Amino acid sequence: AVRPAKGAQADRGPVPGREGSDPCLAGARVLVVDDSRINLDVSRRILEQAGASTTLCENGVEIGRAHV
């Protein structure tokens with residue numbers, strides 16, 4: 001389940017210019033970890049279309065480098 005971060009405004013509307021944006025994800029920062037580049041790409045596209053920004057990592061080592 002996707003939940004807004006502490007202090008996030010859950011009642012925000014869609015992001016202007018992003019027809020598919022989801023108020024729950026608009027402005028969210030999402031870390032996606034998967035060893036498949038295809039899954040990472042699909043996840044990024046879906047999340048960014050919904051209004052979230054993404055950080056992609058292929059493994060645990062990259063998470064440490066991502067400075068999330």
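Reader: Before we look at the surface, what are patches made of here?
Author: Happy to start there, with the note that this is a predicted model. Patches are made of residues with over 30% relative accessible area and no salt bridge. For the nonpolar kind, side chains such as Val, Leu and Ile are joined within 5 Å.

Reader: Which residues form the nonpolar patch on the surface?
Author: Val33 is a good place to begin, as its place is in strand β1, residues 29–33. Its relative accessibility is 39%, so Val33 counts as partly exposed. Together, the residues of the nonpolar patch have about 200 Å² of accessible area, and they are Leu31, Val33 and Ile63.

Reader: Thanks! In what order do the elements of the protein run from the N terminus on?
Author: Let's take the elements by kind before the order. The secondary structure comes to two helices and two strands. Strand β1 covers residues 29–33, and from the N terminus on, the elements run β-α-β-α.

Reader: Let's turn to charges: how many salt bridges does the structure hold?
Author: One of them joins the side chains of Arg37 and Glu58, at 3.1 Å from N to O. Another is formed by Asp41 with Arg44, and Asp41 also meets Arg45 in a salt bridge. For the structure as a whole, the number of salt bridges is four.

Reader: How many residues apart are Arg37 and Glu58?
Author: The side chains of these two meet in a salt bridge. The pair links distant parts of the chain, with Arg37 in helix α1 (residues 37–49) and Glu58 in the loop between β2 (53–57) and α2 (60–66). Glu58 has 29% relative accessibility and therefore counts as partly exposed. Along the chain, Arg37 and Glu58 are 21 residues apart.

Reader: Why are Asp41 and Arg44 separated by about one helical turn?
Author: Both partners are partly exposed, because Asp41 has a relative accessibility of 27% and Arg44 has 25%. Their closest N and O atoms are 2.7 Å apart. The separation is about one helical turn because, in helix α1, Asp41 and Arg44 are apart by three residues.

Reader: And is Arg45 buried or exposed?
Author: Arg45 meets Asp41 in a salt bridge at 3.1 Å, N to O. Asp41 and Arg45 are four residues apart in helix α1, so about one helical turn separates them. The cut-off for exposed is over 50% relative accessible area. Arg45 has 53% relative accessibility, so it counts as exposed.

Reader: Which residues are linked in a network of salt bridges?
Author: Asp41 has a salt bridge with Arg44 and one with Arg45. The network of salt bridges also takes in Glu48, and its members are Asp41, Arg44, Arg45 and Glu48.

Reader: What about the cysteines: how many disulfides does the structure hold?
Author: A disulfide is a covalent bond between the sulfur atoms of two cysteines. Cys24 has 30% relative accessibility and so counts as partly exposed, whereas Cys57 is buried because its relative accessible area is 1%. The count of disulfides in the structure is zero.

Reader: Finally, what share of the 68 residues in the protein is buried?
Author: The protein exposes about 5,000 Å², with 51% of it supplied by carbon and sulfur atoms. Among contacts between residues at least 6 apart in sequence, 46% join residues at least 24 apart. Of the 68 residues, the buried share is 16%.

Key
Residues numbered from 1 in each chain as written. Predicted model: local features only at pLDDT ≥ 70, side-chain atom pairs only at ≥ 80, totals over all residues. Heavy atoms only, no water. Patch = residues over 30% accessible without salt bridge, like charges linked within 9 Å, V, L, I, M, F, W, Y side chains within 5 Å. Areas by Shrake-Rupley, 256 points an atom, 1.4 Å probe, with all protein chains shown as cover. Buried < 20%, exposed > 50% of the residue type's maximum accessible area, 1.4 Å probe, protein only. Contact = heavy atoms within 4.5 Å. Disulfide = S-S within 2.5 Å.
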